[in-house]
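Reader: I would like a close look at a single part of this model, the cysteines. Please add whatever helps to place them beside other parts of the fold.

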Amino acid sequence: MNRLRHAEPPWPVAADVVAREAAGWVPAPFHSFVLKVHSRCDLACQYCYMYRSHDRSWREQPRTMPPDTLDRTAERIAEHLAAHGIREAGVVLHGGEPLLAGETALGRAASVLRAAAGPGVRLHLTLQTNGVRLTERWLDLCAAHGIRVSVSLDGDRAAHDRHRRGADGRGSHARVAAAVHRLAEGPHRELFAGLLCTIDLRNDPVRCYEHLLTYRPPAVDFLLPQGNWHTPPPGLRPGLPGTPYADWLWRVFERWYGARRRETRVRLLEDLMTLLLGGSPETEALGLAPVRYAVVETDGSLAQDDTLRTAYPGGPRTGLHVRDDSFDALLRHPGVAARQWGVDGLSAQCRACRLRRVCGGGHYANRYRPATGFANPSVYCADLAALITRVRERLAGDLDRLRSAPAEAA
């Protein structure tokens, strides 16, 4: 892999944070925390941003988060929630593959996190897993600790096994599908948080969506492959005609939106519609709401979004650690603070765009260029604009029909 030689991007910098605080900016506190409880994985997915990006710092991380680091992290989370009067928060047990940490470690993590937060905080725990090891015994443990489960599944066997294989080259679909059926159809159905599906343009979008529906997921998250202007996503050639990812998602939208009844939530599309109608999204992929989640590595390092590994070596690093630093300190790191500045955190091109309130500049990691850091539109800019425009036109047409219906009936 081409290793980038990189100097810290010229934008944003610490002086920007100081200036904004002097002008009255107050950061929005974190209400979600991603804990890297295990730094390795039992799959070798071809598109993985963790292990196949410019950043290789995962090699330096302990495999499992040590108990004392977990304890300190729980204390820091409780400290942050109490300081800001937050009574409801979420923690994602993440990796790598978190199930590699083992039953004892994850059970202890759940107990420690809840005990530290205290009875006055409603703490939502979620496990993000590839599903390979998700047995009935694991589901019993999750049920005992109130941990909801989200599984990565890219569609049917051909779609899923194209990328999500083990180091030996064997596909994982059969094992993952069995695990999702176990979760969706067994006694622990209430734990099912949803499915994550990374888009591959080679997969038929409707067929992919309808395969995911067979598991009756409460929600589906379609994820754009991680990429940027230096390393574009598969099938995308910035500057050339075409919007392949918009075309793919538009077909899913037509199938999902056009169904006679609601079959599942599709968070990306729901967020897009919510923003077009003046509401606030649930995820950070779209919109201008402050990003309010923090990442803790297995060694206790406080990190930015770990998708920044796709930008350059050390992309997520902040130099902060739960041992010495609070989550309030992380809020004031330039890379974190910039994602709370709304329109002011966007590039000049995005600030001038009429779609900026809905698009929000796209995912932060997708904006990266070596020369200008993150002060750019998303590499998916054309696709996002095309998708937003199509959905807006569809909603406007439906609203017009609703407004005219009473008059026609009269």
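Author: What follows takes the cysteines, then one buried threonine, then a pair of helices. The model is predicted, so local features need pLDDT of at least 70 and side-chain atom pairs count only at pLDDT 80 or more, while totals for chains, interfaces and linings use all residues. Residues are numbered from 1 along each chain as its sequence is written, and side-chain values use heavy atoms, with hydrogens and water left out.

The structure holds zero disulfides, a disulfide being a pair of cysteine sulfur atoms within 2.5 Å. For Cys48, the nearest cysteine sulfur belongs to Cys45 and lies 6.2 Å away. Cys48 is buried, at 19% relative accessible area; buried means under 20%, exposed over 50%, and partly exposed in between (1.4 Å probe, protein chains only). Cys208 is in no disulfide either, with the sulfur of Cys197 as the nearest, 3.7 Å away. Cys208 is buried too, at 4%.

Thr73 belongs to helix H2 (residues 67-83); helices are DSSP runs (H or I, at least four residues) numbered from the N terminus. Thr73 is buried, with a relative accessible area of 0%. Leaving out residues up to four places away in sequence, Thr73 touches Leu35, Met65, Val296, Val322 and Phe327, where contact means heavy atoms within 4.5 Å.

Helices H3 (residues 103-117) and H4 (residues 136-145) have axes that come within 10 Å and cross at roughly 10°. Axes are lines fitted to C-alpha atoms over the stretch in contact, and angles run from 0 to 180 degrees between N-to-C directions. H3 is therefore roughly parallel to H4, a label for angles under 35 degrees. Residues in the contact include Leu106 and Ala110 of H3 and Trp138 and Leu141 of H4.

Conventions
Helix = DSSP H or I, 4+ residues; strand = E, 2+ residues; numbered from the N terminus. Parallel < 35°, antiparallel > 145°, perpendicular 65-115°, else oblique.
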